[in-house]
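This briefing goes through one protein chain, topic by topic. The sequence and the model come next, and the notes follow them.

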Amino acid sequence: MQILVSDATRRIFMTETTSTLASTTSVREVSPTEHHLTAEEIAFFDENGYVILRNRIKGDLLEKLQRASTRWIADGHALTSEADGDGDYNFATRPSGRVLFRINYLHNKREAASLELLGSPEMLGIAESLAGADFVPTYESLVFKNTGDGAPIDWHQDAVHPRTHRIFNVDVYLDESRKGAGSLRVAPGSQKQIVDVCQLQEEYGWDAPGVVQTELNPGDVLVHDVMLVHGSEATLANKLRRTIYFEFRSAQQILAEGPWDADFIDRRLRLVALGLDEWQAQNPQLAPFVWNVADELRPSRGDDVEAELRVAHGVP
């Protein structure tokens, strides 16, 4: 196991949480296929909090996502006011002024590529491998840095939870990400406890012991635990870098710990059904992902597809 900091320093800025995830997760497992993670990849993820899957998304789908993201960004820049767009377009203050950096709820943004990605065996194989057959897609967004926007993303953990189940993001890279150009840094093993990231930054900056700086190409996927400490330093003359994030967790985790309810699970699983339909429509010659969701969770089809494409989270 790679050590983030010494034991003495760990006591300063880490508070232990339950780490019985792998042995106590009560999810329904299925037989693996070529699209599932290997046992070695799952073990690496559980130990380190992340795993990189090279060339996972490729060909026409990757090109569709790149074109779709260009449109999503253009639509955000075309807003008359930041208050427009139902709050789906997030802006931040940079030295150059206010910049758009994140777009939420991708599936109702007039580009079917995000649904095709959701319904792809390459995506759902990851979800089922780590969350079990009753996986639920809980968030989707595009996060990006425009050309010249080299602002840092400080050390952080996406969320903190009891660690009785895996909760993770699948990060699909649409552009290359390189060392020296603000590529993502991760702290292997840090997902197993709450970390005082301010203390970490003060003591080590970006170079804490054991930290790994990743490099990814278009179509590569980085899967990371939501408690993994990660971030990226500032850089000058940064190229456009776009990443699509899908978060997954099991239905059992949501029902036991929230923050949502059974109705949210049902509405979110309808997105999976729509994604499977879209992927099959675009790839009629290929075998689709076999969805093994429990019968009691399998959603019925609604009448208003457009309304189903944006399922609000209801919590921050």
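Asn104 has Ser141 as its bridge partner in strand 5. The model is a predicted one, and the pairing around strand 5 is a convenient way into it. The chain holds 10 helices and 13 strands, and 53% of its 316 residues are buried.

**Strands 3, 4 and 5**

- Strand 4 and strand 5 run antiparallel and are joined by 3 bridges.
- Besides the pair Asn104 and Ser141, Arg102 stands opposite Val143 of strand 5.
- On strand 3, the link to strand 4 is a hairpin through 2 residues.
- Strand 3 and strand 4 are antiparallel, with 6 bridges between them.
- Thr93 faces Arg98 of strand 4 in this pairing, standing opposite that residue.
- Strand 5 is mostly covered, since 10 of its 11 residues are buried.

**The sheet of 7 strands**

- The sheet is open, its 7 strands follow the order 2-11-7-13-5-4-3, and the pairing is antiparallel.
- Strand 2 (50-53) and strand 3 (89-94) are the edge strands; each has a single partner strand, so one side of each has no neighbour in the sheet.
- On average, neighbouring strands of this sheet are turned by 20 degrees against each other, direction ignored.
- Strand 5 (residues 135-145) pairs with strand 13 (residues 241-250) in the antiparallel sense over 10 bridges.
- Within that pairing, Val143 has Thr243 of strand 13 as its bridge partner, and Leu142 stands opposite Ile244.
- Strands of a sheet pair through backbone hydrogen bonds, in either a parallel or an antiparallel way.

**Helices on the sheet**

- Which strands does helix 3 touch where it packs on the sheet? Helix 3 (residues 39-48) is in contact with strand 2, strand 7 (168-173) and strand 11 (221-225).
- The direction of helix 3 makes about 140 degrees with that of strand 2.
- Helix 6 (residues 121-131) also packs on the sheet, touching strand 2, strand 5, strand 7, strand 11 and strand 13.
- The direction of helix 6 makes about 160 degrees with that of strand 7.

**The sheet of 4 strands**

- Another open sheet has 4 strands in the order 6-12-8-10, with antiparallel pairing.
- Strand 6 and strand 10 (212-213) stand at its edges with a single partner strand each, so one side of each is left without a neighbour in the sheet.
- Strand 8 (residues 185-186) and strand 10 are paired in the antiparallel sense over 2 bridges.
- In strand 10, Gln213 is the residue that Arg185 stands opposite.

**The largest pocket**

- The largest pocket contains about 920 Å³ of space.
- Its lining is made up of 41 residues, and those nearest the centre are Arg102, Val143, His156, Asp158 and Tyr245.
- Elements giving two or more residues to this lining are strand 3, strand 4 (97-104), strand 5, strand 6 (153-156), strand 7, strand 12 (230-232) and strand 13.
- Arg102 and Val143, which stand opposite each other in the pairing with strand 5, are both among the residues nearest the pocket centre.

**Two buried loop residues**

- Asp88 sits in the loop between helix 4 (59-77) and strand 3.
- The relative accessible area of Asp88 is 2%, so Asp88 falls under the 20% limit and is buried.
- Leaving out residues up to four places away in sequence, Asp88 touches Arg102, Ile103, Asn104, Tyr105, Asn108, Lys109 and Arg310.
- Arg102 in that set is also one of the residues nearest the centre of the largest pocket.
- Ala133 lies in the loop between helix 6 and strand 5.
- Is Ala133 buried or exposed? Ala133 is buried, with a relative accessible area of 0%.
- The C-alpha atom of Ala133 is separated by 5.3 Å from that of Val293, although the two residues are 160 apart along the chain.

**Chain totals**

- Of the contacts between residues at least 6 apart in sequence, 85% join residues at least 24 apart.
- The accessible surface of the chain is about 14,000 Å², and 51% of this belongs to carbon and sulfur atoms.

Technical notes
Residues are numbered from 1 along each chain as its sequence is written. This is a predicted model: local features need pLDDT of at least 70, side-chain atom pairs count only at pLDDT 80 or more; totals for chains, interfaces and linings use all residues. Side-chain values use heavy atoms; hydrogens and water are left out. Two strands pair if DSSP finds at least two bridges between them. Axes are lines fitted to C-alpha atoms, for helices over the stretch in contact, and angles run from 0 to 180 degrees between N-to-C directions. Contact means heavy atoms within 4.5 Å. Buried means under 20% relative accessible area, exposed over 50%, partly exposed in between (1.4 Å probe, protein chains only). Accessible areas come from the Shrake-Rupley method with a 1.4 Å probe; for residues, only the protein chains shown count as cover. On a 1 Å grid over the protein atoms alone, a cavity is a set of points where a 1.4 Å probe fits but cannot get out, and a pocket is an open set with protein on both sides within 12 Å along at least five of seven lines; lining residues have an atom within 4 Å of a point. Grid points are joined across faces, edges and corners, and a volume is the space filled by probe spheres set on the points.
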